[in-house]
Amino acid sequence: MNPTAQFDAFRSAIAADDDERTEPLALKLTPADEPALIELLSSPEENERWWALRALAACGSANAVAPVAKGLDDPAPAVRAAAALALAHLHRRHPAEVTPLLDPLAAHLADEEGMVRQIAADALAMCGDDAAPALARVLFEQRHEGARTRAAGALRKMATRKAASILYALLNDPNPLVRIYAYEGLDEMGLLETLLVTLQ
């Protein structure tokens, strides 16, 4: 591994705990820095792991997907959240590699930390239709009502036809929050009125 001068500056900014300097440096890193960033994911320092994920979200290749996904199991909630969001960004560039990992991401809809739960839901929504099967499994195969509620909320945010087909099946769900997300999601897509007319 031969870290670039940009990576050295990035690492120095992390060590100085200077977020304002670290953020633009993270965005300037390139695929040439990926091996060093992946190695940084194993750092004992939480802040270094977090920033490595932040940078890989911006410049990571398909080879970064599996190492980033390991961050979902990090003991630090902030790192788990960063891994979830990084996967969503990687999905935009490498959907085929990220999609098989969306079930492990969806498992964090039941994470012990609220921040991680919310970011996992946002990340899944960002993945669009590829995340729909994982969200459907949470809704129809699990009993964790908090996770089910966040899954329904993610489908509402997705606002696609595939999401709508799942939301239709939730209109009579026993969980009132799931029902609300289903109604609101379909209404926002202009599909609820169509459904009501069909049922008349």
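**Figure 1. Overview of the protein chain in the predicted model**. Among contacts in the protein chain between residues at least 6 apart in sequence, 62% join residues at least 24 apart. The model is a predicted one, and the secondary structure of its protein chain comes to 14 helices and zero strands, so that from the N terminus on the elements run α-α-α-α-α-α-α-α-α-α-α-α-α-α. The C-alpha trace spans about 70 × 30 × 30 Å along its principal axes, and buried residues account for 46% of the 200 residues in the chain.

**Figure 2. The aromatic pair of F7 and F10 in helix α1**. Two aromatic pairs are present in the structure. One of them joins F7 and F10, whose rings lie 6.0 Å apart, centre to centre, with 50° between their planes, an arrangement that is classed as tilted. Both residues belong to helix α1 (residues 5–15), and because they are three residues apart in that helix, about one helical turn separates F7 from F10. F7 counts as buried because its relative accessibility is 4%, which lies under the 20% cut-off, and F10 is likewise buried, with a relative accessible area of 0%.

**Figure 3. The aromatic pair of W50 and W51**. W50 and W51 form an edge-to-face pair, with 4.8 Å from centre to centre and 80° between the planes. The edge-to-face label applies because the angle between the planes is over 60 degrees. The two residues are classed separately by accessibility: W50, at 28% relative accessibility, counts as partly exposed, whereas W51, at 4% relative accessibility, counts as buried.

**Figure 4. Surroundings of A82 in helix α6**. A82 lies in helix α6, which covers residues 77–93, and it is buried, with a relative accessible area of 13%. When residues up to four places away in sequence are not counted, A82 touches W50 and L53; W50 is also a member of the edge-to-face pair with W51. The view includes A120 as well, which is 38 residues apart from A82 along the chain, and the C-alpha atoms of A82 and A120 are separated by 9.4 Å.

**Figure 5. Surroundings of H108 in the loop between α8 and α9**. H108 is found in the loop between α8 (102–106) and α9 (114–126), and at 10% relative accessibility this loop residue counts as buried. Leaving out residues up to four places away in sequence, H108 touches L72, D73, R80, V116, R117 and A120. A120, one of these contacts of H108, is also the residue whose C-alpha atom is separated by 9.4 Å from that of A82.

**Figure 6. The contact of helices α12 and α13**. Two packed helices are described by the angle between their axes and the distance between the axes. For helix α12 (residues 161–168) and helix α13 (residues 176–188), the axes come within 9 Å and cross at roughly 140°. The two helices are therefore oblique to each other, because angles count as roughly antiparallel only over 145 degrees. The crossing of α12 and α13 is left-handed. On the α12 side the contact is made by A164, L167 and Y168, and on the α13 side by Y181, A182, G185 and L186. These contact residues divide into six nonpolar, one polar and no charged.

**Figure 7. Two loop residues with positive phi, D17 and A159**. Most residues other than glycine have a negative phi, and most peptide bonds are trans. D17, by contrast, has a phi near 55°, a positive value in a residue other than glycine. The place of D17 is in the loop between α1 and α2 (19–28), where D17 is exposed, with a relative accessible area of 56%. A159 also has a phi near 55°, again a positive value in a residue other than glycine. A159 lies in the loop between α11 (145–158) and α12, and at 42% relative accessibility A159 counts as partly exposed.

**Figure 8. Surroundings of S43 in the loop between α3 and α4**. S43 is found in the loop between α3 (34–40) and α4 (46–59), and it counts as buried at 10% relative accessibility. Leaving aside neighbours within four places in sequence, S43 is in contact with E48 and R49.

Key
Residues are numbered from 1 along each chain as its sequence is written. This is a predicted model: local features need pLDDT of at least 70, side-chain atom pairs count only at pLDDT 80 or more; totals for chains, interfaces and linings use all residues. Side-chain values use heavy atoms; hydrogens and water are left out. Rings of Phe, Tyr and Trp (its six-membered ring) pair if their centres lie within 6.5 Å; planes under 30 degrees apart count as stacked, over 60 as edge-to-face and the rest as tilted. Helices (H or I, at least four residues) and strands (E, at least two) are DSSP runs, numbered from the N terminus. Buried means under 20% relative accessible area, exposed over 50%, partly exposed in between (1.4 Å probe, protein chains only). Axes are lines fitted to C-alpha atoms, for helices over the stretch in contact, and angles run from 0 to 180 degrees between N-to-C directions. Angles under 35 degrees count as roughly parallel, over 145 as roughly antiparallel, 65 to 115 as roughly perpendicular and the rest as oblique. A crossing is left-handed if the near helix is turned anticlockwise from the far one by less than a right angle, and right-handed if clockwise. Contact means heavy atoms within 4.5 Å. Ala, Val, Leu, Ile, Met, Phe, Trp, Tyr, Cys and Pro count as nonpolar, Asp, Glu, Lys and Arg as charged, and the others, Gly among them, as polar.
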